[in-house]
Every structure is written in C-alpha cells, then in structure tokens.
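These are my notebook entries on a structure that I had not examined before. I set down what I looked up, entry by entry.

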Amino acid sequence: MNRDKMEVILSKIKEYSRIMLFRHMRNDGDCVGATKGLKEIIKLTYPEKEVYIIDEDHSDYLDFLGGEDEPVADEVYAEALGIVIDTATEKRISNQKYKLCKEIVKIDHHIENDETQYGDYTWVEEERSSACEMIAEFYTAFKDELKISPEAATYIYAGMVTDSGRFRFRSVTGDTLRCAAEMLDCGIDTDTLFAHLYLTDFESLKFKSYVYDKMKITENGVAYVYISKKAQEKFGLTFEEACTCVSFMDSIKGCLCWIAFIDDEETKSIRVRIRSRFCPVNTVGEKYRGGGHDCACGATVYNKKEVSALVADSDALIGEFKATHEGWL
Ligand code: AMP
C-alpha cells in the first residue's frame, strides 16, 4: 500500500535531524518543484531540522523558483537522510554525493526496470503524472501534521503543470486534479506563475519559425528536427533554450511522434528529446542510451548515422501502430 510507503518516509523524515534532497541532472520543473516544495514543507513543519538541496545543475527558465544551498563538506552528508526525487536511475542523480548519505529514500514516477533499483525505502508510482503530484499527495495524506505555505504549494504546482503539459497528458487522472486543487487552495498566484513559465520573448519566435522551416516529416508521421551548434549560435540560444524546440512540433495532425536532436557541445553528443501521443515510444529511447516515460523520453546519440537510425526506428514503430490501431489523430 502506498499509504504504508508514505508513512515510512514520514517516519524517516521525523527520525533524522538533517535531510538532503536530490534530483536528476538536466533539471526540469518537476524535479526542481518537488525538491523545493518538500524542503519547504519539512522546514515549516520541523523548523529545527537542517534541510539542504545542493545541486550545481541549473535551468535558466526556472530561476524564478530561487537558487540552491551552498555546497557543504562530505561529512555533512554522512549523518543525513537522502531523499532522491523524480530520478529513475542512480547515474542520473545530479549530485552524486547522495551516496554519502546514511540512508536513501527514492520517490519517483518513471518506468521501472533493472537499472532503476536503488534506495533503502522506495515509493514509485509509474502512473503518476509528476513527482510533484506525489509530493502533493504526501502532503495531503498527512495534512493534519504537515505545514505548507503558498510558496511551497507554488513550487509543487509548477512541477505538476509543467510535467503534465498543463494537465493535458493522459497521465492526468482525477487524483492529479485533486492534488492540484489541494495546492491551489493554499493560495498560489497563478497569473505570475504562468507568466514566468510561458511568456516568450518576441525574438524567440524567430527560432520557432526556423524549426518549422527545417523540420521534416517521415512517411508514417514522425516530425523531427536537428538543431546544430551553428543554429544555436545564430539565434543566440543557450543549449537549454534550443532544447525547448521539441514542444513546437507537438500539435501536428497525423504526426504521432516528434523528436528534437540538439547538438550538445559540452558532452560532444546529440541530445534527443522524444515525444508522442497515443503510441508509446520509450522503447526507442531505451535503444539509444535513454529512457523515461511511455510518451516522453530522452536519449543520446553521437552522429548523423545514429540520428537517421533513430528516426527510422521511430517511423517503423509509428507505422506499425497506425496499421494496427484506430482512433489516433
Ligand atoms: P527530456 O526530454 O529530457 O525532458 O526527458 C523526458 C523524460 O524522460 C523525463 O522524465 C526524463 O527524466 C526522462 N529521461 C530523459 N533522458 C533519460 C535517460 N537517458 N534515461 C532515463 N530517463 C530519461
């Protein structure tokens, strides 16, 4: 029972006077919102406890949620409870010092496999739309005991909104909306939150137009685009900004899968962001050093040949899906 798992996690939080929260590399609204939200809840409820989020990985578009804690000596980790949120595998944990913690709790909503087994206490629900939904559920389950603030609720709500495509993905359930309602009741300023998350500079629309110009569509309806280092420079984009282009292709009728390939100068690789509707595509991500969710996953490739192979695999998968299913759009 998940109630049992949540009770174990709460008892561990109570037991430790020092708690360190961890998340995945290439952070996003969900892992940032979940760690920051849980930190605030713990700090408000147990002001005497030390709670840290130490993480150098950073996303400009989430700056409005505030910064991280300063690094601490290794000894500080040794007496702490580590809570890793929204991170399927150990190698994707952004701050690898999590290993120094005395005990590890894992809270996650990614698909499980052989590589995803870690932690002394785990609470994993693959069908949750976000890890933030799980933190909202955790708060709600113990709301007589736990304290929350509009700030904490805003962190959590930000993750719920971003990871569920503004509550559009099919992972969204009645529970998702009940958890969201619980957060909204705490007094979130949604005008300001959505302005931070979704307003764009006019200049960035030129990049959007470039993506529509350059993208290709395969025979079976896989839309894909490759964003070279040169294109990133041309539009004055950070790598992270360039990576947002995957969402530009999300509403094309008949294109059930859309993929962005983005040159990553730092790691000398090509980041792949794969998205789909109706048809799960995570097997493609897994084949190319990645993984994630059924309809939203990532991968890494190293050359144009692998780009073509990944596109061909996706096209075959979508072709097979279209031939054997009805009702897709
Ligand atoms: P992204 O395109 O990076 O936003 O990834 C979409 C989803 O897949 C997120 O939930 C990521 O955490 C997950 N994901 C991305 N890359 C990987 C990977 N290499 N291994 C496992 N999960 C991944």
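Entry 1: terms and model. Before naming any strand, I noted that strands are DSSP runs of E with at least two residues, numbered from the N terminus. I also noted that the model is predicted.

Entry 2: strand 10. I looked up Gly291 and found it in strand 10, which comprises residues 291-292. Is Gly291 buried, partly exposed or exposed? Its relative accessibility is 25%, so I recorded Gly291 as partly exposed, given that buried means under 20% and exposed over 50%. I then compared its place with that of Asp55: the two are 236 residues apart along the chain, and their C-alpha atoms are separated by 22 Å.

Entry 3: aromatic pairs. I turned next to the aromatic rings. A pair of aromatic rings is described by the distance of the centres and the angle of the planes. How many aromatic pairs does the count give? With ring centres required to lie within 6.5 Å, the count comes to nine aromatic pairs. I examined Tyr157 and Phe167, whose ring centres are 5.9 Å apart and whose planes meet at 50°, so I entered this pair as tilted. Tyr157 belongs to helix 5 (residues 150-163), while Phe167 is in the loop between helix 5 and helix 6 (174-184), so the pair ties together parts that are ten residues apart in sequence. With a relative accessible area of 7%, Tyr157 is buried. Phe167, at 23% relative accessibility, is partly exposed.

I then took up Phe207 and Phe235. Their ring centres are 5.6 Å apart and their planes stand at 55°, so this pair is tilted. Phe207 is in helix 8 (residues 204-214), and Phe235 is in the loop between helix 9 (229-234) and helix 10 (239-243); the pair thus links distant parts of the chain, 28 residues apart. I found Phe207 buried at 2% relative accessibility, and Phe235 partly exposed at 23%. Both also belong to one aromatic cluster, formed by Phe207, Tyr210, Phe235 and Phe248.

Entry 4: helix 5. I returned to the helix that holds Tyr157. Does its length agree or disagree with the expected span? Helix 5 has 14 residues, and at 1.5 Å a residue it should span 20 Å; the C-alpha atoms at its ends are 20 Å apart, which agrees. I next considered how far helix 5 is covered, and found eleven of its 14 residues buried. Among them are Ala152, Tyr155, Tyr157, Met160 and Asp163.

Entry 5: charges over rings. I looked for lysines set over aromatic rings. Lys36 lies over the face of Tyr155, at 5.7 Å from the ring centre; Tyr155 is one of the buried residues of helix 5. I also noted Lys49, whose charged end sits over the ring of Tyr46, 5.2 Å from its centre.

Entry 6: the second largest pocket. How much space lies in the second largest pocket? I recorded about 160 Å³. Its lining consists of Ile54, Asp55, Glu56, Asp57, Pro71, Val72, Tyr77, Ser94, Asn95 and Lys97. I sorted these lining residues into four nonpolar, two polar and four charged. Asp55, which I had set against Gly291 in Entry 2, is thus one of the lining residues.

Entry 7: positive phi angles. Which loop residue has a positive phi of about 65° although it is not a glycine? I found this to be Phe167, in the loop between helix 5 and helix 6. Lys268, also not a glycine, has a positive phi of about 50°. I located Lys268 in the loop between strand 8 (257-264) and strand 9 (269-276), where it is exposed at 58% relative accessibility.

Entry 8: further loop residues. I looked up Lys253 and found it in the loop between helix 10 and strand 8. It is exposed, with a relative accessible area of 75%. Lys253 and Thr218 are 35 residues apart in sequence, and from C-alpha to C-alpha they are 13 Å apart in space. Finally, I placed Thr200 in the loop between helix 7 (190-198) and helix 8. Thr200 is exposed, with a relative accessible area of 54%. Its C-alpha atom and that of Arg277 are separated by 25 Å, the two residues being 77 apart along the chain.

Notes
Residues numbered from 1 in each chain as written. Predicted model: local features only at pLDDT ≥ 70, side-chain atom pairs only at ≥ 80, totals over all residues. Heavy atoms only, no water. Phe/Tyr/Trp six-rings, centres within 6.5 Å; stacked < 30°, edge-to-face > 60°. Helix = DSSP H or I, 4+ residues; strand = E, 2+ residues; numbered from the N terminus. Buried < 20%, exposed > 50% of the residue type's maximum accessible area, 1.4 Å probe, protein only. Lys NZ or Arg CZ within 6 Å of the ring centre and 35° of its normal. 1 Å grid on protein atoms, 1.4 Å probe; cavity = no way out; pocket = protein on both sides within 12 Å on 5 of 7 lines; lining within 4 Å. Points joined across faces, edges and corners; volume = space filled by probe spheres on them. Nonpolar A, V, L, I, M, F, W, Y, C, P; charged D, E, K, R; others polar. Expected span 1.5 Å × (residues − 1).
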